[in-house]
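Student: Could you take me through a close look at one part, the place where the two chains meet? I would like to see how they are joined.

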Amino acid sequence: MLSKSQARLFFIGGTCFFSAIFLGLTFHTLGQVDARQNLDLLTAEVARGKEIWDSNNCMGCHTILGEGAYYAPELTQVVKRRGKEWISIFLRDPQAMFPGKRRMVQYDFSDEQIGDVIAFLDWIGKIDTNGFPPEPDLAMAPSLVVQASAQTSAPPAYFQQVCIACHSVGGTGGSVGPALDGVGSRLTAPELDRWLADPPAVKPGTAMPNLNLPDATRAELVNWLSGLR
Amino acid sequence: MKFKSQRVAYLFFATSLLLFSLQIVYGFIMGFAHLGFDVLHDVIPFNVARTTHLNLLVVWLLSGFMGATYFIVPEEADRELYSEKLAVVQWAALVIVGVIAIIGFHLNYWEGRKFLEIPRPLDYLVVVDVLLFLFNVGMTAWNGKRFTTTGSVLLVGLVAAALLYLPGMITFESQVLDSYFRWWVVHLWVEGVWELIMGGILSFLLIKLTGVDREVIEKWLYVIVGFTFLSGILGTGHHYYYIGTPEYWLLVGGVFSALEPLAFLGMALYAVTMARRGGMSHPNRIALFWTVGCGIMSFVGAGFLGFAHTLPQVNLWTHGTIITAMHGHMAFWGAYAMLVLAIISYTMPLMTGRKLFTGWVPEWAFWTSNIGMLGMTGAFAVAGIAQVYMERKIGMDFLAVQEAIEVHFGGVLLAACLLTLGIAMFIWNFIQYGLPKEEAMAAEHLRHAA
Ligand code: HEM
Ligand code: HEM
Ligand SMILES: [Fe+2]
């Protein structure tokens, strides 16, 4: 039968042995990690972004690399999912993007700070994480309606980055605003232009935010939307 | 109570229970936010509530451990505490740091690193406070008449916990390394050195409550904590699957963390076997309930529910979802919250000389709070499984999924009410005991003399 001193030896021996292995693996990991996290891409901007991330405790609502809180979206791949343009509009006024939904804190970041946060999130998204977050493996096949919808041409990049979060076309996209299929026959080009220039001015209290679109982008959008009949 | 200075434990226990109550309040704020009523958003946004909830938890548990140590070490060393005054000073310092930290969280003064949110300048105060504590109990042990295995395991656990706080104070520019060393604190605490503290306190309680021979109890203590480190150190790898660390951690973390439940199974069998051998004849039955309950529930929460998501194939899908919150609640409850409630239940009659451990209040406190926590865990589990399926497997939008699982937080809150009721009864019982009394000591000496 095991004696007390043998039991003690088991405890002390095991602890020393496994601590040594752990330290060895840590040492090895530290050598490998620089390549996996793209240390060369960790710019001053990224570091400032992390500083903003930490000092505001974004991790108290969000997860990043799967760590944090479960109240708000996982952000490891957010740049890939939403695009930089969308995120910068979103961060200026989070509640405008998801009116009436679960609320994020309204931070009054400067444009530069927003750039830093996005640089940080972008850097995070490029880390080799052994496949996290995984692609959904039971995802439904993209609906065939997309092809069926009467689109004249591929949507402008800006539409795919920003508008799609709230509007759907051909069955894909968000549901905050109405589906835009056939909007070209509901609204004329000047009406569309006036609307996109400043929605709240056209319809006070509307949930569609003023996105401060540059003239060229707006013209491109109006042109494309008019073709949706 | 054999020594007058042991009464200082009372201060720590009272603080513990006060902070626990506050923790529950913040839990409710978050539960309601998940349910769609984030009415306090402008004053206490979710991240403030969460940080406060977690830090109150850690501080009340630490306060409970400190109280336990101030009670146990004099007893094991067979002498008065080195300095009772110092212990009171240390208690006051702990409270001050805690209060500043909690207020700071509400004013955006923190480091956004889960569990380690206390800002750096306060970290140094924590270190000083812990050094004071370790010095005091260390000197007591050093100058003691004897020193037992139980006492040593407890002290080694406390010293190691203090040392492991340090890696959490290093600043990194890289999120990957930040996370890597954050786990040295968080994981190596709860699945490593805190288990030594747990083992030490459980062993003390079992020796006192069952009357089984110390040598036997302490032998098994070594075996259990041996298993803890055998599995738990390399088991840290279960947090290194997907944070940018090399692929071999999938294997190392998977294999060793899968062994971790053995240590908790050990704790459960240990408590149950010793209690049965002792014939459950100790008059303070309720303290024995909490002690044995702690062993069993730690296996359920940490061992069983930990295993449920620790293999990399599973964790890939559940990582960072409400599944983790489900496990976190039950594990902290079973292993550490129940442990502190056990030592409080055992020591209060000894410190105050009043035997308020019979009757329905303490017994109902035990059952109601445990059933409440089991209910919460169940509701979190259902919400978590639904979330994993819809968000991760099917790829639905995050907010749409959250709306779909909102209803389960109604379940969480209902069960939380039961838990709260149980804790309220426990605290009521604690208040009825009143303050420690010197007559309590006299009574003990009489009993020993007889
Ligand atoms: C008393 C002991 C334990 C406590 C208090 C505890 C508590 C926790 C907490 C609070 C977290 C969340 C940590 C964070 O994200 O910052 C966590 C994560 C985790 N725990 Fe435990 N745990 C314990 C034991 C175990 C055991 C024995 C296992 C395995 C068998 C385990 C497996 C895991 C895993 C795999 C995660 C990561 C979840 C994820 O990927 O999101 N835990 N634990
Ligand atoms: C009485 C009511 C309680 C309620 C309503 C409650 C609710 C919650 C909620 C909603 C979260 C946040 C999950 C998220 O990020 O979305 C949370 C986190 C947490 N709570 Fe509680 N809680 C309660 C009591 C407790 C108790 C008694 C303990 C410990 C024994 C505890 C330990 C934790 C831990 C460890 C976490 C972090 C989990 C993780 O990050 O994985 N809570 N709680
Ligand atoms: Fe862990």
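Tutor: Let's begin with a term: a salt bridge is a side-chain nitrogen of Lys or Arg within 4 Å of a carboxyl oxygen of Asp or Glu. This is a predicted model, in which local features need pLDDT of at least 70, side-chain atom pairs count only at pLDDT 80 or more, and totals for chains, interfaces and linings use all residues. Residues are numbered from 1 along each chain as its sequence is written, chains are lettered from A and ligands numbered from 1 in the order in which they are written, and side-chain values use heavy atoms, with hydrogens and water left out.

Now look at Asp137(A) and Lys393(B), whose side chains meet in a salt bridge with N and O 3.3 Å apart. Asp137(A) sits in the loop between helix 6 and helix 7 (145-148) of chain A, while Lys393(B) belongs to helix 12 (residues 360-394) of chain B, so this pair joins two chains. (Helices, H or I with at least four residues, and strands, E with at least two, are DSSP runs numbered from the N terminus.) That loop of chain A also holds Pro133(A), and the peptide bond leading to Pro133(A) from Phe132(A) is cis, with omega near -10°.

Between chain A and chain B there are 7 salt bridges. Another pair to find is Lys4(A) with Glu218(B), a salt bridge whose closest N and O atoms are 2.8 Å apart. Helix 1 (4-36), helix 2 (44-55), strand 1 (63-64), strand 2 (67-68) and helix 6 (111-125) are the elements of chain A that each give two or more residues to the side touching chain B. Helix 1 gives the most, with 19 residues.

Stepping back to the whole interface, 71 residues of chain A and 79 residues of chain B take part in the contact (heavy atoms within 4.5 Å). The two chains bury about 6400 Å² between them, and carbon and sulfur atoms give 64% of that area. Here, buried area is the accessible area (1.4 Å probe) that two parts lose on being put together, summed over both. On the chain A side, Lys4(A), Phe22(A) and Tyr70(A) lose the most area to chain B, together 13% of what that side buries.

One last stop is Asn57(A), in the loop between helix 2 and strand 1 of chain A. Asn57(A) has a positive phi of about 50° although it is not a glycine. To put that in context, most residues other than glycine have a negative phi, and most peptide bonds are trans.
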